[in-house]
Amino acid sequence: MQRRHFLQFAAAATPLAGALPGLARAASTYPAADGWRTYDITTRIDVAERTAQGRVWVPLPARQLGAGASAHQHLVDARFDAPGAKRASIVNGTGGAQMLAVGWSDSGAPQQATLVTRVALRDRAADLGGTAPAPTASAAELRPWLRASSLKPTNGVVGETARKIVADAGARTDFEKARAIYDWIVANCHREAAVRGCGTGDAAYLLTSGNLGGKCADLNGLFVALARASGVPARDVYGVRVDDSAHGYKSMGKSGDISRAQHCRAEFYAQGYGWVPVDPADVRKVMLEEVKGGLPRDDARVRAANAMLFGAWEMNWMGYNSAEDVRLAGSAQAAPIGFLMYPNGETANGRLDSLDPATFRYSIQSARVA
């Protein structure tokens, strides 16, 4: 992406507003009778550190997750407002990620932006019994999800660990390898409450730290890295929780103010099954947070979560993208970010702290509308 992808305006004081084209279907297209739930997600940004180089980037929900009858997310509408901005538009980023990019040049004026998106969601479950024909993907479609990234190397300690897990389990097929890796993470890793945000997602560091503790970007990112190192196509899906869990898990839901409710999930591809959703990180979250003092692995609630989260996602969560090593359009910083799951911002003094909405001054609100 280059700066020319921004909409350019001559007057910095001109209010900028717009919508994402190509979203023509009304919310009624996604009826509750078919399992759909519709939400309005409102993100508000206020850059308190005003300089002549204020910029923000806000991830948009994916236009669609899943295909055909298996679709489980649709972006229904997306609108933004950025009064006083010099430039503002929705741009395409690395790996298909879409984001609202806004820039200001007047350090004496408010630097604020609002993005409102409407998403339709319904629960997702893979057919692990093989009773229905599975969607197929070509080698070209799967190739990106076998490559290493800066946070997910497939050699070194990651490759060594993957080979040991697969060998110890006697796993031969892609499905068996993914299952073995999932079980290994649940058994050997843990959720570390002190980790900021969702973690860094650095798979090699996690394995060499001697701790094996982290949050969703760490544990689910490790699943993806180990799967790729085993020859299994896999990817993270970065997103945010938008509602409470209908399954009664306090730890796996958030409604209303979701400014700190970011959560990434993972999925792998296996012949005969298609893309299979998993979330070993949330199993460990249930163990740590569901009740004060935690729960053992043999607790009925943990066993139920463990069974559900290999092959299914409750869609009280929406996905943004699966992009890795993302470059932010117009950024003064040369280095890409590992993934795009939070609002990002920078001023003339450098990047803002995306993990602290209180100092960055952004908020995300979720409201169910249907």
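A polar contact is a pair of N or O atoms within 3.5 Å, where, within protein, one atom must be able to donate a hydrogen and the other to accept it. Keep that meaning in mind as you begin this tour, and remember throughout that the model is predicted.

**Stop one: Ser 245**

Select Ser 245, which you will find in the loop between strand E12 (234-241) and strand E13 (256-257). Now show Glu 314 as well, and you will see that a polar contact of 2.8 Å joins the side chains of Ser 245 and Glu 314. The side chain of Ser 245 also reaches the backbone nitrogen of His 247, at 3.1 Å. If you set aside residues up to four places away in sequence, Ser 245 touches Met 252, Gly 253, Glu 314 and Asn 316. Its relative accessible area is 14%, and because buried means under 20%, Ser 245 counts as buried.

**Stop two: a sheet of five strands**

Next, colour the strands of the open sheet whose order is E6-E7-E3-E18-E19, with antiparallel pairing. At its edges stand E6 and strand E19 (350-351), each with a single partner strand, so one side of each has no neighbour in the sheet.

Begin at E6 (residues 87-92), where five of the six residues are buried, so this strand is largely enclosed by the rest of the structure. Six bridges join E6 to strand E7 (residues 98-104), and the two run antiparallel; select Ser 89 and you can look across to Ala 101, its bridge partner in E7. The hairpin of E6 and E7 has five residues between the strands, and in it Gly 95 takes a positive phi near 65 degrees.

Moving on to strand E3 (residues 54-59), you will find that six bridges join E3 to E7, again in an antiparallel arrangement, and that Val 56 has Val 102 as its bridge partner in E7.

**Stop three: the nonpolar cores**

Keep Val 102 selected and add Trp 184, Leu 222, Phe 223, Leu 226 and Phe 268, since these are the residues that touch the most other members of the largest nonpolar core, which has 89 residues. Helix H5 (residues 216-229) supplies the largest share of this core, nine residues. In soluble globular proteins, nonpolar side chains tend to be buried together.

Centre the view on Leu 222 and, leaving aside its neighbours within four places in sequence, look for its contacts with Trp 184, Ile 185, Cys 189, Ala 203, Leu 206 and Leu 207. Another core, of eleven residues, lies apart from the largest one, and among its members are Trp 57, Ala 97, Met 99 and Leu 340.

**Stop four: aromatic rings**

Finally, display the aromatic side chains, among which the count comes to twelve aromatic pairs. One of them is the edge-to-face pair of Phe 175 and Phe 310, with 5.6 Å from centre to centre and 85 degrees between the planes. Phe 175 lies in helix H3 (residues 174-188) and Phe 310 in the loop between helix H7 (300-308) and strand E16 (312-313), so the pair ties together parts that are 135 residues apart in sequence. Both Phe 175 and Phe 310 are buried, and they belong to one aromatic cluster with Tyr 182, Phe 223, Phe 268 and Tyr 273.

Then select Trp 313 and Trp 317, whose ring centres are 5.2 Å apart and whose planes stand at 65 degrees, so this pair too is edge-to-face. Trp 313 is buried at 2% relative accessibility, and Trp 317 is buried at 0%. Add Arg 124, and you will see its charged end over the ring of Trp 313, 4.7 Å from the centre. For your last selection, take Arg 235 and Trp 275, where the charged end of Arg 235 sits over the ring of Trp 275, 3.7 Å from its centre.

Notes:
Residues are numbered from 1 along each chain as its sequence is written. This is a predicted model: local features need pLDDT of at least 70, side-chain atom pairs count only at pLDDT 80 or more; totals for chains, interfaces and linings use all residues. Side-chain values use heavy atoms; hydrogens and water are left out. Helices (H or I, at least four residues) and strands (E, at least two) are DSSP runs, numbered from the N terminus. Buried means under 20% relative accessible area, exposed over 50%, partly exposed in between (1.4 Å probe, protein chains only). Contact means heavy atoms within 4.5 Å. Two strands pair if DSSP finds at least two bridges between them. Rings of Phe, Tyr and Trp (its six-membered ring) pair if their centres lie within 6.5 Å; planes under 30 degrees apart count as stacked, over 60 as edge-to-face and the rest as tilted. A charge sits over a ring if NZ of Lys or CZ of Arg is within 6 Å of the ring centre and within 35 degrees of the ring normal. A nonpolar core is a set of buried Ala, Val, Leu, Ile, Met, Phe, Trp, Tyr and Cys residues joined through side-chain atoms within 4.5 Å.
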